[in-house]
Amino acid sequence: MRFAKLLVLLSAGLIGVAAQTAKADALADIKKTGVLRIGVPQDFPPFGSVTSDMQLQGLDIDVAKLLAKSLGVKAELIPVGSANRIAYLQTHKADLIISSLGKNAEREKVISFSQPYAPFNNSLFGMADIKVAGPADLENQTVGVARGTFEDTLLTETVPKTTVLKRYEDNNTLISAYVSGQVKLIGTGDFVATTIGVKDPARKPVMKYVIKESRCLVGLNKDEPALMAKVNAALTSAKKSGELNTLVKKWLNVPLPDKLANAIE
């Protein structure tokens, strides 16, 4: 009997420790270590790419540094891909994800989102001689997408069954596949397509139709109200001061839209 009671007490203790661990305050940990770990893209210009001297640059990189500065801590930039960025957050390898991340119902089940910090439309692009006005025109066509992106999810839901979606592991391989002629149609972000056109005018992607109007948000783990409040406060301040608008114009060559500039919490 005593042994059984001891097991019950031990079990209760372990459950209590697990509960305390689950309720750990990410913001307190960040303040304690003095480091904010942020998942960012490295293959998705102009949001994130690597310079010739192996330094990360892009809009998401600058927004990550802005948030770290606002919290008074050092930014530790962790390169992530479209397919693994949410996993990095859920396994606590990163405190935040700033990686041209959009919000949908499935993602909202597992992570939380900040207010928006930049515009981002998801569209179908392709060579000028291919006529596509909507999903129905993709019958028997092959379309390239980066695995795990909005384009992957949305096209999977809307294209005909005869459409072949060719999934690439990251945006660099998707872009290379398009430039090399492996695929003539791609689902990607508007600014990415613009970048391709600048690099290779002969294969400049032409927009066929908008798959979804979207926006970029910071991804956080669920049940982190203190960290969420700090992130939103930093973004609100950057919007009001004009700092965020400056960053958006620098990298995307467009001003921060009014509906995003006014989306504050």
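**A walk through the strands and helices**

Let us start with a pair of strands: S7 and strand S11, which covers residues 206–221, run antiparallel to each other and are joined over 13 bridges. The model you are looking at is a predicted one. Strands of a sheet pair through backbone hydrogen bonds, and the pairing can be parallel or antiparallel.

Strand S7 itself takes in residues 111–126 and is mostly covered, with 15 of its 16 residues buried. S11 is not the end of the story for S7, as strand S10 (residues 185–189) also pairs with S7 in the antiparallel sense, here over 5 bridges. A good place to see both pairings is serine 123. Opposite serine 123 in S11 stands valine 210, while in S10 the bridge partner of serine 123 is threonine 188.

Now turn to another sheet. This one is open and has 3 strands, in the order S2-S3-S4, with antiparallel pairing. Strand S2 (43–44) and strand S4 (56–57) stand at the edges with a single partner strand each, so each has one side without a neighbour in the sheet. Strand S3, residues 48–50, is joined to S4 by 2 bridges, and the two run antiparallel. To find this pairing in the structure, look for valine 50, whose bridge partner in S4 is leucine 56.

From strands we move to a helix. Helix H9 spans residues 225–241, 17 residues in total, and reaches 24 Å from its first C-alpha to its last, close to the 24 Å expected at 1.5 Å a residue. Which residues of H9 are buried? They are Leu227, Met228, Val231, Asn232, Ala234, Leu235, Thr236, Ala238 and Lys239. An α-helix has 3.6 residues a turn, so residues three or four places apart point the same way. After H9 comes glycine 242, with a positive phi near 90 degrees.

Finally, step back to view the whole chain. It holds 11 helices and 11 strands, and its C-alpha trace spans about 80 × 50 × 35 Å along the principal axes. Of the 265 residues in the chain, 48% are buried. Among contacts with a separation of 6 or more, 70% come from residues 24 or more positions apart. The accessible surface of the chain is about 13,600 Å², and 55% of that belongs to carbon and sulfur atoms. As for charge, the chain has 33 positive and 26 negative charges, and the mean positions of the two sets are 3 Å apart.

Methods: Residues numbered from 1 in each chain as written. Predicted model: local features only at pLDDT ≥ 70, side-chain atom pairs only at ≥ 80, totals over all residues. Heavy atoms only, no water. Helix = DSSP H or I, 4+ residues; strand = E, 2+ residues; numbered from the N terminus. Buried < 20%, exposed > 50% of the residue type's maximum accessible area, 1.4 Å probe, protein only. Contact = heavy atoms within 4.5 Å. Areas by Shrake-Rupley, 256 points an atom, 1.4 Å probe, with all protein chains shown as cover. Lys, Arg positive; Asp, Glu negative; His and termini not counted. Charge placed at Lys NZ, Arg CZ, Asp CG, Glu CD. Expected span 1.5 Å × (residues − 1). Pairing = 2+ DSSP bridges.
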